[in-house]
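Biologist: Hi! Could you pull up the model so we can walk through it together?
Modeller: Sure, here it comes.
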Amino acid sequence: MSDRIRDPAHFVDPAPFDPEAAREGSREALSARRLFLRRFLRHRMAVAAGLILLALYATVPFVEWLAPYGQARRNRDFLYAPPQAVHLFHQGRFVGPYTYPYRAALDLETFRRDYVTDRTRPQPLRFLCRGDAYAWLGLIASDRHLVCPPEGGTLFLLGTDRLGRDILSRMIYGARISLVIGLVGVAISFALGLLFGGLAGYFGGWVDAAVQRLIELVRALPELPLWLALSAALPPNWSPLWIFFGITLILGLLDWPGLARAVRGKLLALREEDFVAAAELMGASPVRVIARHLIPNFMSHLIASATLSIPGMILGETALSFLGLGLRPPVTSWGVLLNEAQNLAAVQLYPWLLVPVLPVLVTVLAFNFLGDGLRDAADPYH
Amino acid sequence: MIGLVLRRLVTMALTLLFISALVFFVIKLPPGDFLTNRIMELRAGGEAASVAKAELLIRQYGLDRPVWQQYLMWVGLMPGPAGFSGLLQGDWGWSFEYDRPVAEVVGDALWLTLVVNLAALVFVHVVAIPIAIYSATHRHSLGDAVVTVLGYVGLAVPGFLLALILLFYANRWFGLSIGGLYDAQFTGKPWDGAKIRSLLSHLVVPTLVIGLGGTAAMIRRMRANLLDELAKPYTVTARAKGLPPTRALLKYPFRMSLNPFVADIGNLLPHLVSGSVLVSLVMSLPTVGPLLLEALRSQDQFMAGFILMFVAGLTVFGMLVSDLVLVWLDPRIRMGAR
């Protein structure tokens with residue numbers, strides 16, 4: 001109180017009253033988008049997951065440069081080679097990152113390859129170096145890599161497979177396909193879900209009933225057998241690239257009902273709002289009402305649902321490729337890599353063949369966390 | 001109530017009819033069929049007698065007719081060369097690959113599929129409900145955190161890989177035998193006590209693997225539902241008037257949260273069936289999964305069609321049951337239906 005008496009300017013402000021300025025900084029002044037962002041940032045796990053995904057997707061354009069070997073490069077002397085360690089100190093002296101060379105010796109009793117490491121000769125890694133040639137994005141020829149195996153040595157950080165191909169390099173190449181397939185598939189299912197859900201929710205009546213039946217029908221089908229049937233239907237003479245598109249289409253075609261239901265539910269609720277009646281009275285066409293007034297109102301919710309359905313697609317592709325009905329070599333995805341780890345021998349003798357499951361796990365978890373965070377941010381009352 | 005059941009049954013029949021059309025369409029998508037491929041092979045090999053036999057089969061099963069007629073004949077809505085004999089009449093068709101009726105080829109696989117899926121369904125519920133209750137009542141405790149983390153991992157691990165790894169370690173640590181649903185010595189033997197015991201011990205790993213993803217999802221949803229109910233005023237009232245904690249939990253909030261749980265069976269079943277097909281393939285269980293894959297690969301159309309219909313029928317029937325249980329459980333739906 002005493003403050004105010006000493007400072008009369010507080011009582012009578014000569015400047016005209018500005019309602020905009022008065023609202024500045026209060027909660028209502030924040031736009032819906034900024035509110036959304038603020039609520040999302042409060043979700044630590046979701047933000048971390050989002051950053052991980054950003055990092056993963058950032059590698060997609062540069063896989064050729066990141067991978068130490070080309071994806072088809074075979075090393076005939078290194079079949080089923082175990083992972084190699086990178087060391088920094090040789091006999092107590094710092095020499096920078098290096099590997100020890102190893103050589104296969106066939107055990108004549110068990111017919112297994114045992115790898116013998118030569119610990120006397122450290123071979124330093126090379127960075128920003130020339131290695132296997134590639135065409136970047138299929139266009140620009142180059143042979144530059146971030147890291148290359150030492151001169152005359154090898155760099156199999158995650159071991160090699162039955163043809164002596166570097167697992168890490170193939171995993172990096174596989175990330176491109178596996179990550180993209182989820183996005184493209186979800187784009188297809190998003191478009192379909194928006195279309196069908198929009199029609200059902202906006203028009204109601206028999207359109208709604210028809211779409212509802214269709215949704216129930218597709219949801220009643222167990223996905224995997226249908227995926228199997230559809231991918232078996234892809235012509236065998238298609239090129240691997242077309243198969244890739246075919247599989248993506250199949251994954252997207254069977255995933256839309258969930259999204260369509262979300263769209264329909266939200267539309268049914270929003271349709272009753274006054275602003276929709278106002279827009280209609282002013283002569284706005286259904287398309288305009290849907291696109292301009294309704295969709296922005298539940299877009300954030302939709303994006304959250306879509307994010308939550310990406311992991312299903314990635315797992316679906318992995319399962320199909322694992323069964324040999326999905327992508328075919330030379331297209332490399334995480335599922336194709338796991339296809340090679342299909343037998344018990346892999347679990348027992350060559351466990352490093354199972355490593356490609358780790359990126360699948362990380363990606364799926366990250367999408368789940370991100371989706372949960374987005375959903376909570378989009379729907380503050382739930 | 002009876003009217004509701006009847007209405008549901010009619011919807012179910014219509015759904016199955018639509019599914020059958022879809023299934024037939026998908027199976028017919030790849031160009032050619034088993035017999036034309038076979039005839040081409042035989043022609044190349046110059047075996048005239050076998051070609052004649054295959055051509056006879058084509059006529060016998062009406063494969064030379066338009067696709068829509070083939071479909072109607074397969075379902076049994078149109079007389080084929082042998083009169084009305086389709087799915088509706090209980091004739092499941094002929095497996096060209098095995099050269100035997102489909103019914104004979106699938107045989108035991110049908111009800112073993114049922115057993116595996118039922119076991120997974122029971123497993124999901126028996127495990128998910130107590131864990132969800134614990135997790136919701138001990139919120140933010142260590143146990144809750146562990147369950148949440150395990151739940152996420154259960155969502156993310158591909159089932160087939162888990163099957164492979166568990167198969168290996170279950171054998172190494174617990175001596176549970178690898179693959180199959182019973183020991184090899186029981187193949188083709190009648191079902192007696194020893195064979196059933198063998199079946200039960202083989203069921204452990206598949207049930208675990210198939211049920212895990214569903215359990216994780218179930219726990220998450222059930223926990224959220226129960227938390228919503230626990231925050232409502234009636235729970236507070238129940239506590240305030242001195243109801244013992246267990247009763248205050250189980251009598252009202254638990255029953256309320258069961259509701260979406262039952263309704264969810266409809267969502268859960270397709271996933272379980274999908275999972276069981278995949279896991280059967282990896283663990284070579286004698287269910288319909290491996291048969292389906294093989295039939296799809298060789299375009300053995302009646303076989304693939306029947307198995308897809310069986311699997312779809314399983315889910316649709318499960319959904320019907322879940323609907324009816326829901327009606328029985330929730331008076332609001334029951335009264336509204338009258």
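Biologist: What does the chain do over residues 302-329 of chain B, in helix and strand terms?
Modeller: That stretch of this predicted model is 100% helix and 0% strand, with its end C-alpha atoms 40 Å apart. Helices here are DSSP runs of H or I with at least four residues, strands are E runs of at least two, and both are numbered from the N terminus.
Biologist: And residues 109-133 of chain B, how far apart are the end C-alpha atoms?
Modeller: They are 36 Å apart, and residues 109-133 of chain B are also 100% helix and 0% strand.
Biologist: How many helices and strands does chain B come to?
Modeller: Chain B has 16 helices and 2 strands.
Biologist: Switching topic: how many residues of chain A are in contact with chain B?
Modeller: 31 residues of chain A are in contact with 34 of chain B, where contact puts C-beta atoms, placed from the backbone, within 7 Å.
Biologist: Which helix gives the largest share on the chain A side?
Modeller: Helix 8 of chain A, with 8 residues. Other elements giving two or more residues include helix 7 (205-220) and helix 12 (286-322) of chain A.
Biologist: Any caveats on numbering and confidence?
Modeller: Residues are numbered from 1 along each chain as its sequence is written, and chains are lettered from A and ligands numbered from 1 in the order written. As the model is predicted, local features need pLDDT of at least 70 and side-chain atom pairs count only at pLDDT 80 or more, while totals for chains, interfaces and linings use all residues.

How values were computed
Contact = placed C-beta atoms within 7 Å.
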